[in-house]
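Thanks for coming. I will go through one structure today, starting with a ligand and ending with the cysteines.

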Amino acid sequence: MSSTPPKATVSHLKASTETVTSVHYWTEKLLSFRTTRPAGYQFTPGQFARLGVVAGDETLWRAYSVTSSVTEDELEYFLVQVPGGLFTEQLKDLKPGYPILVEKFSYGFMTADRFVDGEDLWMLATGTGLGPFISILQDPAVWKKFRNLILVHCVRNVDELAYQELLSKLHLRPELAAGGARLQLLRSTTRDMQSPAAGNLQGRITTLLTSGDMEAAAGLVITTEASRVMMCGNPEMITATRDILYQRGLRPCRRAVPGQFVTEDYW
Ligand SMILES: Cc1cc2nc3c(=O)[nH]c(=O)nc-3n(C[C@H](O)[C@H](O)[C@H](O)COP(=O)(O)OP(=O)(O)OC[C@H]3O[C@@H](n4cnc5c(N)ncnc54)[C@H](O)[C@@H]3O)c2cc1C
Ligand SMILES: NC(=O)c1ccc[n+]([C@@H]2O[C@H](COP(=O)([O-])OP(=O)(O)OC[C@H]3O[C@@H](n4cnc5c(N)ncnc54)[C@H](OP(=O)(O)O)[C@@H]3O)[C@@H](O)[C@H]2O)c1
């Protein structure tokens with residue numbers, strides 16, 4: 001995408017051309033942006049949209065988790081500009097007013113309704129894998145379904161701990177508080193030291209799970225009976241975390257078989 005908005009719109013049976021309404025940079029490479037919402041667009045918190053940009057003669061498509069709540073008029077996404085990445089290079093000069101294609105269907109199985117029971121919902125995210133949990137945590141049904149909500153966000157550097165203000169105020173929203181769940185926010189960095197404030201941890205999700213530090217910080221133990229786990233982001237983190245959970249007796253949710261964890265790999 002060049003610095004002037006492309007004039008042409010693409011007619012695509014499965015997609016509509018939407019407009020970027022705002023762009024927020026958390027760091028030089030990490031941003032959130034909002035678009036108009038296609039008429040009739042439905043999604044379940046935790047699902048992703050396929051976005052398209054026109055680059056020369058072709059249209060490039062990539063998947064992005066929706067971070068906004070289902071009740072908002074706009075859709076929001078949270079992404080990192082990957083150095084040399086074909087799609088994200090096109091978004092370098094993204095500004096309000098730019099057109100973007102949004103597929104009319106939403107996708108994905110990392111949704112809270114996959115769990116038929118459980119008391120504690122653990123949401124484990126690396127980097128931009130936080131995105132779907134921003135939407136999930138704005139869903140009153142999730143606050144009603146679980147007794148404890150534990151969000152673990154692991155990033156390289158402190159400045160990548162996005163959405164802290166929104167997250168820290170969720171419990172004040174009457175429609176969420178009415179559900180009765182307790183939300184705990186655990187933040188971990190792997191390349192920066194953080195202050196030893198409540199919820200601040202050091203190290204990868206896998207390391208924190210193996211050492212027991214994650215459960216100690218939450219004051220909860222991960223068990224097959226009580227715990228349901230969602231994992232999103234770096235696929236190597238997900239593979240390694242699955243193995244740890246598997247050894248502890250937890251199993252993936254399958255189409256017709258209830259389980260204890262669901263995942264979303266970003267690459
Ligand atoms: C189901 C699904 C949902 C996704 N949701 C998001 C989202 O909400 N936000 C988002 O930023 N990306 C998300 N992605 C990744 C996204 O679709 C693109 O792959 C990414 O934006 C990079 O596109 P690209 O063409 O610039 O580079 P690509 O050529 O697609 O990727 C190049 C490399 O960049 C790295 N990479 C890609 N995505 C990420 C990432 N998110 N964080 C760290 N490293 C990455 C990988 O090493 C990858 O091989 C999602 C992917 C899937 C499959
Ligand atoms: N974030 C940046 O400052 C930065 C700078 C330049 C380029 N990039 C590029 O931007 C993209 C996104 O980077 P990102 O930092 O958002 O995503 P990322 O590389 O997936 O890292 C996010 C977090 O996941 C951790 N992690 C990585 N592999 C793991 C594993 N196997 N098991 C458990 N945890 C793991 C990382 O810890 P570790 O720190 O221990 O790896 C980090 O805390 C990448 O393509 C990267 O090369 C990022």
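In the side chain of Arg191, an N or O atom lies 2.6 Å from an oxygen atom of ligand 2. Keep in mind that this is a predicted model.

Two other arginines have contacts of this kind. For Arg156, a side-chain N or O atom is 2.7 Å from an oxygen atom of ligand 2. For Arg204, the distance between a side-chain N or O atom and an oxygen of ligand 2 is 2.9 Å. How much of ligand 2 does the protein bury? On its own, ligand 2 exposes 870 Å², and 75% of that is buried by the protein.

Now the surroundings. The shell around ligand 2 has 17 residues, and Arg156, Thr190, Arg191, Arg204 and Asn234 are the closest. Two elements, β8 at 148–155 and α8 at 235–247, each contribute at least two residues to that shell. As for the site itself, ligand 2 takes up the space of the largest pocket.

On to the cysteines. How many disulfides does the structure hold? The count is zero. Take Cys154, which is in no disulfide: the nearest cysteine sulfur belongs to Cys232 and is 13 Å away, whereas a disulfide needs the two sulfurs within 2.5 Å. Cys253 is also unpaired, and its nearest cysteine sulfur, again that of Cys232, is 15 Å away.

Are these two buried or exposed? Cys154 has a relative accessibility of 7%, so Cys154 counts as buried. Cys253 counts as buried too, because its relative accessibility is 10%. The cut-off for buried is under 20%.

That is the end of my part.

Notes: Residues numbered from 1 in each chain as written. Chains lettered and ligands numbered in written order. Predicted model: local features only at pLDDT ≥ 70, side-chain atom pairs only at ≥ 80, totals over all residues. Heavy atoms only, no water. Buried < 20%, exposed > 50% of the residue type's maximum accessible area, 1.4 Å probe, protein only. Near = heavy atom within 4 Å. Polar contact = N/O pair within 3.5 Å; in protein donor to acceptor, adjacent residues only side chain to side chain. Areas by Shrake-Rupley, 256 points an atom, 1.4 Å probe, with all protein chains shown as cover. 1 Å grid on protein atoms, 1.4 Å probe; cavity = no way out; pocket = protein on both sides within 12 Å on 5 of 7 lines; lining within 4 Å. Sits in = over half its atoms within 2 Å of the grid points. Helix = DSSP H or I, 4+ residues; strand = E, 2+ residues; numbered from the N terminus.
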